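Dear colleague,

Here is the structure I promised to hand over, and below it you will find my notes on what turned up when I went through it. Please read them with the model open beside you.

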Amino acid sequence: MAEAKRAFITGVTGQDGSYMAQQLLEKGYEVHGLVRRSSSFNRGRIDHLHHDEHIPGQNLHLHYGDVTDAARMHQLVTELRPHEVYNLAAQSHVRVSFDEPLYTAEATGVSTLNILEAIRSVDTSIRFYQASTSEMFGASPPPQNEDTPFYPRSPYGAAKVYSYWITKNYREAYDMFAVNGQLFNHESPRRGETFVTRKITLAVANIVKGNQTELWMGNLDSIRDWGYAPEYTDGMWRMLQADEPDDFVLATGSAYTIKDFLELSFAHAGLDWHDYVKFDPKFLRPTEVDELIGDASKAKNKLGWEAKVLPPELAKIMVDADIARLDGAKEGQF
Ligand code: NAP
Ligand code: G4F
């Protein structure tokens, strides 16, 4: 019998890492995930993978570590000898990156070099996926594609630009299969609660249940291209199965404002968002990314990848999941 493919996922406890782990286990991979020691439980998104009878959870192995620790990354790549590495760990919150710019530069930028260096010295045939982002395009006008110039508008965006270029440089300098997925915003019931879509759908659920009467928010006019996270992790996997290493945009091509997402989410619960939403300047950013709308034609042509779920359906999926959670549904259902 052929040896199972081994994957190493950093950021396995996050939104994307949890879907990636689930999809790889379903494909028969042996999955190794990097987890940080935390004083409180941080595995809510992956715990069900050990217990779901339809998922071979015995093939999921967790290892303590931090991507800023170069020695630990070298040790893990040496011990695990993965066929594929998905580098999804990051300080991923744009607003927080203005408060913690140096830490963000280390966790979201330089840490990528730690993993690339480990792969370069251990085995250059290991395939490497870097979680690049539409935030790198920042102030460049839409539609944005693989040829759009970078113009980051936050310490987070600037750190991701470093990771993008060092990934590309290692591909060219050392003939490594190292690729960037330039992913536009993607959401799901597993989205962190302080990102705008989840903040909205969780608030709708709490308002429906009588637990909340107000929702405090920042800039409601920015435009985002929101897709559905499990489709995007499938796109990441496709990038690492390609014949040649290359960089790809993943996006829906649709454009909705924050006000539009409020409308979709509140209306799904029979509510009018104007009755609940209030402005708090603390949620504004020193510099904003006004308009992100992606063009994913290259991924469609070369990977056969295309986004299917658009914001009207996405908002319903997320509101329904948040209401179900408050009704006691188990995490593994989402
Ligand atoms: P997320 O939910 O915030 O997850 C981030 C993950 O990184 C968590 O598992 C977190 O661990 C881990 N992490 C953070 N700092 C770390 C460190 N120093 N060492 C080890 N692990 C660390 O993010 P996501 O939405 O899944 O996004 C995944 C990746 O794609 C990120 O790199 C993000 O920047 C990028 N991205 C996301 C989007 C999007 O729309 N979601 C779009 C483009 C790119 P803890 O659980 O311990 O905090
Ligand atoms: O949901 P957000 O925090 O996501 P943002 O900044 O677009 O970043 C996300 O997508 C990137 C891909 O483009 C990823 F790389 C990144 O890791 C992250 O996943 O904010 C979206 C928009 C912003 O314009 C923000 O100013 O919503 C606006 N907003 C308005 N009120 C708010 C709020 N954002 C948050 N988080 N909280 C608010 O109260």
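Which element gives the most to the shell around ligand 1? Strand 5 does, with three residues, although you should bear in mind throughout that this is a predicted model.

Ligand 1

There are 25 residues around ligand 1, and those that come nearest are Thr13, Asp16, Arg36, Ser92 and Tyr156. Sorted by class, the shell of ligand 1 consists of ten nonpolar, ten polar and five charged residues. Among the polar contacts, a polar backbone atom of Gly14 is 3.0 Å from an oxygen atom of ligand 1, and a polar side-chain atom of Asn42 lies 3.3 Å from an oxygen atom of this ligand. A nitrogen atom of ligand 1 has a backbone N or O atom of Val67 at 3.0 Å. The protein buries 89% of the 910 Å² that ligand 1 exposes when taken alone. Two or more residues of the shell around ligand 1 come from each of helix 1 (15-26), strand 5 (127-133) and helix 5 (155-174).

Ligand 2

Around ligand 2 there are 23 residues, of which Thr133, Ser134, Ser222, Arg285 and Glu288 come nearest. The shell of ligand 2 divides into eight nonpolar, nine polar and six charged residues. Tyr156, which is named above among the residues that come nearest to ligand 1, also places a polar side-chain atom 2.8 Å from an oxygen atom of ligand 2. Arg224 likewise has a polar side-chain atom 2.8 Å from an oxygen atom of ligand 2, while a backbone N or O atom of Thr194 lies 2.9 Å from a nitrogen atom of ligand 2. On its own, ligand 2 has 710 Å² of accessible area, and the protein covers 96% of this.

The second largest pocket

Thr194 appears once more in the lining of the second largest pocket, together with Arg45, Pro189, Arg190, Arg191, Gly192, Glu193, Arg198, Arg325 and Glu331. This pocket has a volume of about 180 Å³. What classes of residue make up the lining of the second largest pocket? One nonpolar, two polar and seven charged residues do.

If you look at one residue beside each ligand, I would suggest Tyr156, for the contact with ligand 2 and for its place among the residues that come nearest to ligand 1.

With best wishes

Notes. Residues are numbered from 1 along each chain as its sequence is written. Chains are lettered from A and ligands numbered from 1 in the order in which they are written. This is a predicted model: local features need pLDDT of at least 70, side-chain atom pairs count only at pLDDT 80 or more; totals for chains, interfaces and linings use all residues. Side-chain values use heavy atoms; hydrogens and water are left out. A residue is near a molecule or strand if one of its heavy atoms lies within 4 Å of it. A polar contact is a pair of N or O atoms within 3.5 Å; within protein, one must be able to donate a hydrogen and the other to accept it, and residues adjacent in sequence count only if both atoms are side-chain atoms. Accessible areas come from the Shrake-Rupley method with a 1.4 Å probe; for residues, only the protein chains shown count as cover. Ala, Val, Leu, Ile, Met, Phe, Trp, Tyr, Cys and Pro count as nonpolar, Asp, Glu, Lys and Arg as charged, and the others, Gly among them, as polar. On a 1 Å grid over the protein atoms alone, a cavity is a set of points where a 1.4 Å probe fits but cannot get out, and a pocket is an open set with protein on both sides within 12 Å along at least five of seven lines; lining residues have an atom within 4 Å of a point. Grid points are joined across faces, edges and corners, and a volume is the space filled by probe spheres set on the points. Helices (H or I, at least four residues) and strands (E, at least two) are DSSP runs, numbered from the N terminus.
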